[in-house]
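Grab a coffee and open the viewer. Below is a set of exercises, each with a worked solution to follow at your own pace.

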Amino acid sequence: MTLERNDPRRLTVVSGGLGDPSQSRMLADRLAEATSETLAQSGIASHVHVIELRLLATAISDSLIAHTITPGLQDALDQVMGADGVIAVSPTFKASYSGLFKSFWDLVDEEEFAGTPVLLGATGGTARHSLVIDQAMRPLFAYLKALTSPVSVYAAADDWGDVYGSSDSTKTAPIHERIHHAGATFANLINAIPSRPRASKHHPTEIEVTPFEQLLNG
């Protein structure tokens with residue numbers, strides 16, 4: 001199948017937010033909007049699919065313990081591995097991404113995911129956690145062989161106040177400017193490479209696990 005540079009792009013948004021509503025989901029949605037707007041300016045349509053990990057928490061936990069994957073979780077993994085671009089946003093827990101966020105990405109096949117453009121985002125209570133993206137998230141996605149965008153967004157609680165004029169924080173550019181810059185940069189990254197081939201879906205019922213004894217002998 002021949003794919004053209006201006007083919008519609010599939011964007012998959014992965015939100016690790018645990019609440020409803022959540023700051024992580026809000027940031028993820030804003031980043032998706034900014035990316036889609038820039039792609040549209042280049043004449044490229046985009047289809048956005050959102051994955052809220054909190055709705056898959058039980059399935060993710062079961063998959064790690066029982067080595068089985070539910071249809072809903074498999075669909076989420078297919079969406080991630082078939083995307084032209086992934087926007088991944090996590091809340092900050094104990095100076096890193098959440099355990100749920102990490103558990104989901106533990107299920108992603110790094111060979112199949114390799115080369116996927118990824119835009120990173122994180123949220124937290126204060127700006128002192130802002131290094132979570134560079135110190136925790138970038139190494140994770142480097143292991144997954146992703147093509148991470150150089151511009152990411154960390155949003156503290158008072159950043160959202162800046163948008164609506166309720167905060168006097170001037171330490172960083174307003175959140176909407178950073179989101180626009182990150183979305184535009186990510187869209188240009190996606191636009192620079194052809195749309196990914198549409199692989200047929202694979203629905204394994206079990207995760208392949210190397211026996212511990214084999215690892216010891218290997």
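Before we start, one definition: two strands count as paired if DSSP finds at least two bridges between them. Keep in mind, too, that this is a predicted model.

**Exercise 1. Find out how much of the model you can trust, and what it is built from.**

Solution. Start with confidence. The average pLDDT of the chain is 87, and 82% of the residues score at least 70. Now look at residues 200-205, where the pLDDT is below 50. That stretch still has ten contacts in the model beyond near neighbours in sequence. Go easy on those, though: where pLDDT is low, the predicted coordinates should not be read in detail.

Next, the inventory. The chain comes to nine helices and seven strands. It has 218 residues, and 46% of them count as buried. Take the contacts between residues at least 6 apart in sequence: 81% of these join residues at least 24 apart.

**Exercise 2. Work out how strands S1 and S2 are connected.**

Solution. First, locate the strands: S1 covers residues 9-15 and S2 covers residues 46-52. They run parallel and are joined by seven bridges. For a concrete pair, go to arginine 9, whose bridge partner in S2 is serine 46. Then add helix H1, residues 23-41. Together, S1, H1 and S2 make a β-α-β unit, and its hand is right.

**Exercise 3. Which strands pair with S5, and is S5 buried or exposed?**

Solution. Take the partners one by one.

- S3 runs parallel to S5, with six bridges between them. Here proline 91 stands opposite threonine 123 in S5.
- S6, residues 147-148, pairs with S5 in the parallel sense over two bridges. Valine 118 has threonine 148 as its bridge partner in S6.
- S7 is also parallel to S5, and four bridges join them. Glycine 124 finds its bridge partner in alanine 156 of S7.

Now for the burial. In a regular strand the side chains alternate between the two faces of the sheet. In S5, Pro117, Leu119, Gly121 and Thr123 point one way, while Val118, Leu120, Ala122 and Gly124 point the other way. Every one of these is buried. Eight of the eight residues of S5 are buried, so the strand is largely enclosed by the rest of the structure.

**Exercise 4. Trace the largest nonpolar core and the aromatic residues in it.**

Solution. Begin with the core itself, which has 36 residues. The ones with the most contacts inside it are Leu73, Val80, Phe101, Phe104, Trp105, Phe113 and Phe141. Several elements give two or more residues to this core, including helix H2 (57-66), helix H3 (71-81), helix H4 (99-106) and strand S5 (117-124). The largest share, six residues, comes from H6. There is also a second, separate core of 23 residues, and Ala32, Leu39, Ile87 and Trp160 are among them.

Now zoom in on valine 80. Setting aside neighbours within four places in sequence, its contacts include Thr12, Val14, Ile51, Phe104, Trp105 and Phe113.

Last, the rings. The structure holds six aromatic pairs. The ring centres of phenylalanine 104 and tryptophan 105 are 5.4 Å apart and the planes sit at 80°, so this pair is edge-to-face; the cut-off for that label is over 60 degrees. Both phenylalanine 104 and tryptophan 105 are buried. They belong to one aromatic cluster together with Tyr97, Phe101, Phe113 and Phe141.

**Exercise 5. Contrast the settings of serine 90 and glutamate 112.**

Solution. Serine 90 lies in strand S3. Its relative accessibility is 1%, so serine 90 counts as buried, the limit being under 20%. Leaving out neighbours within four places in sequence, serine 90 is in contact with Ser24, Tyr97, Ser98, Phe101, Gly121, Ala122, Thr123 and Met137.

Glutamate 112 sits in helix H5, residues 110-113. At 41% relative accessibility, glutamate 112 counts as partly exposed. Not counting residues up to four places away in sequence, glutamate 112 touches Met81 and Arg196. To finish, compare sequence with space: glutamate 112 and lysine 145 are 33 residues apart along the chain, and their C-alpha atoms are separated by 9.4 Å.

Methods
Residues are numbered from 1 along each chain as its sequence is written. Side-chain values use heavy atoms; hydrogens and water are left out. A crossover is right-handed if, with the strands pointing away from the viewer, the path from the first strand over the helix to the second runs clockwise. Rings of Phe, Tyr and Trp (its six-membered ring) pair if their centres lie within 6.5 Å; planes under 30 degrees apart count as stacked, over 60 as edge-to-face and the rest as tilted. Buried means under 20% relative accessible area, exposed over 50%, partly exposed in between (1.4 Å probe, protein chains only). A nonpolar core is a set of buried Ala, Val, Leu, Ile, Met, Phe, Trp, Tyr and Cys residues joined through side-chain atoms within 4.5 Å. Contact means heavy atoms within 4.5 Å. pLDDT is the predictor's confidence in each residue, from 0 to 100.
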